[in-house]
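Trainee: I would like a close look at one part of this model. Start with a single residue and work outward.

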Amino acid sequence: MDWIKGIQGALDYVEEHLTEAVDVEMVAKQAYSSAFHFQRMFSMLCGFTLGDYIRMRRLTLAAEELVRTDEKVIDVALKYGYDTPESFTRAFTRFHGKTPTDVRRGGNVKSFSRLSVKLILSGGNTMDYRIEAKEAFKVICKKKRVNKPQGDTATADISAFWAECGQNGTIEALCKYAKFDNLQGILGICFSGEMADSGFPYGIGAEYNGVHVEDDGFEIIDIPAHTYAVFQCKGKMPDAFKDTYKKICTEFFPQSTKYEYGSGIELEVYPSADTQNPDYSCEIWIAVNEKK
């Protein structure tokens with residue numbers, strides 16, 4: 001039940017800090033998660049982003065204050081994180097369909113209620129996974145910064161990056177420096193531990209074979225020793241990836257009594273480029289820690 005309590009704690013933390021700058025790291029900490037994993041999990045569970053939830057709750061409370069108090073519009077705007085009356089009015093009007101002035105004169109408003117966590121027993125599904133300890137190793141990759149998880153935004157950025165690297169010869173060049181005896185495929189590497197406001201780095205690479213690198217644009221990166229939960233992902237991409245990752249977030253980790261998200265690294269192992277095959281099979285490696 002710790003996971004359920006953690007999610008509720010995260011929601012309570014957001015609610016208590018709606019009139020301040022909400023620290024996503026602290027929100028995620030309440031749910032025993034990293035900021036990256038919490039935001040991705042939140043989007044999958046709710047169908048909207050954490051940022052959208054905060055925005056809609058603030059605009060709901062702002063409308064309530066305009067209706068029941070005589071506070072100036074500028075004061076309400078500042079209270080809920082808007083620097084100017086103009087930016088507040090634009091956001092308010094998009095959400096409520098009326099300006100703050102209209103609402104103060106008696107117009108109807110929308111209300112977005114706070115979330116709460118309820119335990120619903122469902123599923124009975126099985127997931128193919130294994131736990132694997134892997135020593136430190138080196139990867140060679142090309143990195144690109146992609147957007148933070150925003151519904152499918154990060155997936156779209158990453159899919160476009162794969163298409164670009166397939167077309168411009170990056171993946172072909174990469175194979176000269178790769179070894180496939182352990183991680184048997186080209187890697188998608190999510191450096192989720194480096195999450196920032198602008199996004200996070202994502203790499204397309206492979207385990208490094210030590211050959212001198214003559215091509216530009218590649219980095220050689222040390223991956224520390226980790227224990228991984230390794231999940232099989234079957235079906236046409238990227239839909240199969242999204243479905244599998246949703247199950248990881250909403251079924252595996254919530255129900256696991258032994259493992260929690262680890263420190264900031266995920267690997268996607270793609271054995272071939274035949275990702276449109278309905279029988280395609282790949283793996284998702286997520287660093288985990290044993291719960292204490």
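Trainee: Where does D243 lie?

Mentor: D243 lies in helix α10. Helices here are DSSP runs of H or I with at least four residues, strands are runs of E with at least two, and both are numbered from the N terminus. This is a predicted model, where local features need pLDDT of at least 70, side-chain atom pairs need 80 or more, and totals for chains, interfaces and linings use all residues. Residues are numbered from 1 along each chain as its sequence is written, and side-chain values use heavy atoms, without hydrogens or water.

First, the setting. The protein has ten helices and eight strands. Its C-alpha atoms fill a box of roughly 70 × 45 × 35 Å along the principal axes. Of the 292 residues, 45% are buried (under 20% relative accessible area; exposed is over 50%, partly exposed lies in between; 1.4 Å probe, protein chains only). Take the contacts (heavy atoms within 4.5 Å) with a separation of 6 or more: residues 24 or more positions apart account for 74% of them.

Now α10 itself. The helix runs over residues 239-255. On the way in, P238 sits in the loop between β6 (226-234) and α10. The peptide bond joining M237 and P238 is cis, with omega about 0°.

Check the length next. The 17 residues of α10 should span 24 Å at 1.5 Å a residue, and the end C-alpha atoms are 23 Å apart, which agrees (expected span: 1.5 Å times one less than the number of residues). The helix also has a kink of about 35°, centred on I248 (the bend is the angle between axes fitted to the seven residues ending there and the seven starting there). I248 is one of the buried residues of α10. The others are A240, F241, T244, Y245, C249, E251, F252 and F253. An α-helix has 3.6 residues a turn, so residues three or four places apart point the same way.

Compare two residues of α10. D243 counts as exposed because its relative accessibility is 51%. Its C-alpha lies 30 Å from that of Y208, with their positions 35 residues apart in sequence. F241 is also found in α10. F241 is buried, with a relative accessible area of 10%. Setting aside neighbours within four places in sequence, F241 is in contact with C233, E268, Y270 and I284. F241 and E132 are 109 residues apart in sequence and 20 Å apart in space, C-alpha to C-alpha.

Next, the partner helix. Helix α3 covers residues 35-46 and packs against α10 at about 105°, with the axes 10 Å apart (axes are lines fitted to C-alpha atoms over the stretch in contact, and angles run from 0 to 180 degrees between N-to-C directions). The two helices are therefore roughly perpendicular (65 to 115 degrees; under 35 is roughly parallel, over 145 roughly antiparallel, the rest oblique).

Who meets whom? From α3 come F36, H37, R40, M41, M44 and L45. From α10 come K242, Y245, K246, C249 and T250. That contact divides into six nonpolar, two polar and three charged residues (nonpolar: Ala, Val, Leu, Ile, Met, Phe, Trp, Tyr, Cys and Pro; charged: Asp, Glu, Lys and Arg; polar: the others, Gly among them). Y245 and C249 serve in this contact, and both are on the buried list of α10.

Look at α3 in its own right. Nine of its twelve residues are buried, so α3 is largely enclosed by the rest of the structure. The buried residues are A35, F36, H37, F38, Q39, R40, M41, F42 and S43. F36, H37, R40 and M41 also meet α10. At 1.5 Å a residue, the twelve residues of α3 should span 16 Å, and the end C-alpha atoms are 16 Å apart, which agrees. G47 follows α3, and its phi is positive, near 85°.

For comparison, take another helix pair. The axes of α4 (residues 50-68) and α6 (residues 85-96) come within 10 Å and cross at roughly 95°. That makes α4 roughly perpendicular to α6. On the α4 side are R55, M56, L59, T60, A62, A63 and L66, and on the α6 side are F88, A91, F92, F95 and H96. This contact holds nine nonpolar, two polar and one charged residue.
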